[in-house]
Amino acid sequence: MRPIPKKLLIHTVTLHRKISADRWGKTQLDEGTVLAHVRMEPSSRIVRDVNGAEIQLAAMLFYDCKNSRPQGFGFHEDDIVLFNGQKHKVVSVEPLYDEKLLHHYEMGLVKHA
């Protein structure tokens with residue numbers, strides 16, 4: 001399977017990870033990592049969380065394992081994605097494979113305050 005073409009990977013986002021949380025639940029984020037050659041698409045898809053509650057996604061983030069930068073980046077639920085001044089929280093991470101190798105990731109995002 002061929003990689004997702006760069007002409008479709010037109011966006012740049014900043015991905016932040018939580019580094020700590022105080023006892024009131026306020027979290028601190030790291031400085032962030034810039035992800036280039038990714039794609040953000042609006043979405044209205046409904047997914048279920050670990051508790052079985054339905055969540056409506058606001059967007060999907062596509063990261064190609066060959067053309068997106070930095071290469072070899074891993075993703076986790078609860079990461080924060082900053083795109084066009086808006087924060088989104090990663091609620092689902094789907095690694096998708098071709099015949100043998102990891103081809104791309106699709107992350108489901110919800111708006112985050």
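The exercises below work through salt bridges and aromatic pairs in a predicted model.

**Exercise 1.** Determine which parts of the chain are tied together by the salt bridge between Arg17 and Asp79, and decide whether each partner is buried or partly exposed.

*Solution.* Begin with the contact itself: the side chains of Arg17 and Asp79 form a salt bridge with an N to O distance of 3.2 Å, which satisfies the limit of 4 Å. Next, place the partners in the fold: Arg17 sits in the loop between strand 1 (11-16) and strand 2 (18-21), while Asp79 belongs to the loop between strand 7 (59-64) and strand 8 (80-83), so the bridge ties together parts that are 62 residues apart in sequence. Finally, consider accessibility: Asp79, at 4% relative accessibility, is buried because the cut-off for that class is under 20%, whereas Arg17, at 23%, counts as partly exposed.

**Exercise 2.** State how many salt bridges a search of the whole structure finds, and describe the ones formed by Lys89 with Asp78 and by Arg39 with Glu41.

*Solution.* The search of the whole structure yields five salt bridges. In one of them, the side chains of Lys89 and Asp78 meet at 3.4 Å, N to O; this pair links distant parts of the chain, with Lys89 in strand 9 (residues 86-97) and Asp78 in the loop between strand 7 and strand 8, 11 residues apart. Lys89 has a relative accessible area of 23% and is partly exposed, and Asp78 is also partly exposed, at 37% relative accessibility. Turning to the other pair, the side chains of Arg39 and Glu41 meet at 2.6 Å, N to O. Here Arg39 is partly exposed at 23% relative accessibility, and Glu41 is partly exposed with a relative accessible area of 29%.

**Exercise 3.** Classify the geometry of the aromatic pairs Tyr63 with Tyr105 and Phe73 with Phe75, and establish which cluster these residues form.

*Solution.* The count for the model comes to four aromatic pairs. For Tyr63 and Tyr105, the ring centres are 6.2 Å apart and the planes make an angle of 55 degrees, a tilted arrangement. Since Tyr63 lies in strand 7 and Tyr105 in strand 10 (residues 102-111), the pair ties together parts that are 42 residues apart in sequence. Both Tyr63 and Tyr105 are buried. For Phe73 and Phe75, the centres lie 5.3 Å apart with the planes at 65 degrees, so the pair is edge-to-face, the cut-off for that class being over 60 degrees. Phe73 and Phe75 are both buried. As a last step, bring the two pairs together: Tyr63, Phe73, Phe75 and Tyr105 form one aromatic cluster.

Terms used:
Residues are numbered from 1 along each chain as its sequence is written. This is a predicted model: local features need pLDDT of at least 70, side-chain atom pairs count only at pLDDT 80 or more; totals for chains, interfaces and linings use all residues. Side-chain values use heavy atoms; hydrogens and water are left out. Helices (H or I, at least four residues) and strands (E, at least two) are DSSP runs, numbered from the N terminus. Buried means under 20% relative accessible area, exposed over 50%, partly exposed in between (1.4 Å probe, protein chains only). Rings of Phe, Tyr and Trp (its six-membered ring) pair if their centres lie within 6.5 Å; planes under 30 degrees apart count as stacked, over 60 as edge-to-face and the rest as tilted.
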